[in-house]
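User: Could you take a close look at one part of this model for me? Please start from a single residue and work outward, giving the cut-offs as you go.

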Amino acid sequence: MDQNEAPVLEALAEHQKLKRYGFTPPAHRQGRSVDARVLEVLGEQSFKSDVVASSGLDDRKSSNGYLSRAEGLMAEAVGADKAFFSTCGSSLSVKAAMLAVTRGEGELLISRDAHKSVSSGLVLSGLQPRWIRPRWDEQLKLSHPPAPETVEQMWQRYPDASAALVVSPTPYGTCADLEAIVEICHRRGKPLIVDEAWGAQLPFHPDTPTWAMSAGADICVVSVHKMGLGFEQGSIFHLQGDLVDPVRLNQCADVLSTTSANVLIYAAMDGWRRQMVQEGKTMIENALELARGLRHDIEKIPGLHVLEDELVHAEASHDLDILHILIDVSQLGISGYQATDWLRENCRLDMGTNDHRRIEAVVSISDDKDTAERLLSGLRDLSTKAPELPRPPAVVIPREEELYLETVMLPREAFFGPVENVPVEEAAGRISAEMATPYPPGVPLLLPGERINQAAIDYLRSGLEAGMVLPDPTDPNLKTIRVVRDEPRRER
């Protein structure tokens, strides 16, 4: 295939050149009647590029196959057997993968640091999760990807599970030993799904952590908007090998996805693939060099510490994506929540993952010396102004043995069954019927079907007081918690 092509993008350009007009959705007719105040913000070109996929970009039979050709080019570019584009984000892609490998029933081994979209997939599907414990770092109070030995133990305990699912890289940039985990799964003839939402750049440079397909994973889910140059909601899931039926995977995605896919998202992913083939190695090399310099310069700012060695020592991560710059601000006497809010308000800088003692800046291939200097300037100002900020409330972090709650019901049964709201003081010992997810990074602490303990309550309540964001509980202040009304008659 000719990797210099961009079929969807070129078809969109041709559509505009020919000045096609459709008596079909979208009703805005390429922006003809859109409010001028909207056009001022969004731009006329964005509406011109928003066309319906069939009977618009392509004919009513999609006979030109623009999308399928773009997906084929993507698969060839990264060495996968198949690639599927999604305009509903990796949240949809990972659910489709879960359904495809399990056929919607039975057990699935899942790393407990999985994103809430995986948990939503459990509610949707009715699957029984068998949780793989990540490696908990008592000193840093964060989790590293699970060890291969832990995955092996879980397969020995649950040999009838359909597949395993792990996250790599994590939102902190830490990576699992995928080659070892693949070998463990394939020895049993079972597929491995890798939620590689943060790994869009990995196939295009040899000095990045191992890409899931190179490690032999069966399905790899990538969020193009996170580390690639696509729009929000752009996602690709890649497939290789013969352990997963590509027809079923495609059908599962079709069941979940919209029938009104946004061509803008397809076109951006198509163009980004071409750009990566042509220029990606150089662009990523520049980003890596920039990140190395930033890590060095941030470390010199008083009160700030860039985590690196701590994340890749023998008991931690297998590898690290250095584009994720995780910064400990605790020596400044403030929390990561305070630091994030201060940088946004005073420096117009938005940070990514944050918690009780850390903030994260993620470098992309779009960054350069100017944006790096803007980050450094803001962090220097933060270092200077931190003594003026109030001391943060303490966040009560659970011990490792309290961190992983017991699953006593299927998530689906707990979510859809009879429920009630109880005062948080009465919630310990009850079975959660909702998620409680510190965001970002979006890993739920409470899941439907898990028995709540007091340590989890103390962590969430103290976290809220300190500035934690919990977007999903029914009561955002967590004065009440939604729980299962009737205890199950049997434990699973």
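Analyst: **A charged pair and its wider setting**

Asp-328 counts as buried, at 7% relative accessibility (buried means under 20% relative accessible area, exposed over 50%, and partly exposed in between, with a 1.4 Å probe and protein chains only). A word on the ground rules: this is a predicted model, in which local features need pLDDT of at least 70 and side-chain atom pairs count only at pLDDT 80 or more, while totals for chains, interfaces and linings use all residues. Residues are numbered from 1 along each chain as its sequence is written, and side-chain values use heavy atoms, leaving out hydrogens and water.

The side chain of Asp-328 meets that of Arg-357 in a salt bridge of 2.9 Å, N to O (a side-chain nitrogen of Lys or Arg within 4 Å of a carboxyl oxygen of Asp or Glu). Asp-328 sits in strand S13 (residues 324-328) and Arg-357 in the loop between helix H13 (336-347) and strand S14 (358-362), so the pair ties together parts that are 29 residues apart in sequence. Helices (H or I, at least four residues) and strands (E, at least two) are DSSP runs, numbered from the N terminus.

Elsewhere, salt bridges with shared partners link Glu-152, Glu-183, Arg-187 and Arg-188 into one network. One member of that network, Glu-152, is among the buried residues of helix H7 (148-157), together with Pro-148, Val-151, Met-154 and Trp-155. These buried residues lie on the same side of H7, because they cover an arc of only 160° around the axis (taken from the directions from the helix axis to the C-beta atoms). Their cover includes strands S2 (107-111), S3 (128-132) and S6 (164-167), as well as helix H8 (178-186). Turn to the other side of H7 and you find Glu-149, Gln-153, Gln-156 and Arg-157 exposed.

In the whole structure there are 24 salt bridges, and another one worth your time pairs Arg-295 with Glu-308 at 3.0 Å, N to O. Arg-295 belongs to helix H12 and Glu-308 to the loop between strand S11 (305-306) and strand S12 (319-320), so this pair ties together parts that are 13 residues apart in sequence. Arg-295 is buried at 6% relative accessibility, whereas Glu-308 is partly exposed at 32%.

Helix H12 also leads us to the nonpolar interior. The largest nonpolar core holds 93 residues, and Leu-192, Leu-294, Ile-298, Leu-343 and Leu-379 have the most contacts inside it (a core is a set of buried Ala, Val, Leu, Ile, Met, Phe, Trp, Tyr and Cys residues joined through side-chain atoms within 4.5 Å). Helix H12 (residues 263-299) gives the largest share of this core, 15 residues. A second, separate core of 29 residues has Leu-122, Leu-127, Ile-193 and Ile-219 among its members. Back in the first core, Ile-298 touches Leu-304, Val-306, Ile-325, Ile-327, Leu-375, Leu-376 and Leu-379, leaving aside residues up to four places away in sequence (contact means heavy atoms within 4.5 Å).

For contrast, here is a pair at the surface. Arg-37 and Asp-35 form a salt bridge of 2.6 Å, N to O; Arg-37 is exposed at 62% relative accessibility, and Asp-35 is partly exposed at 31%.
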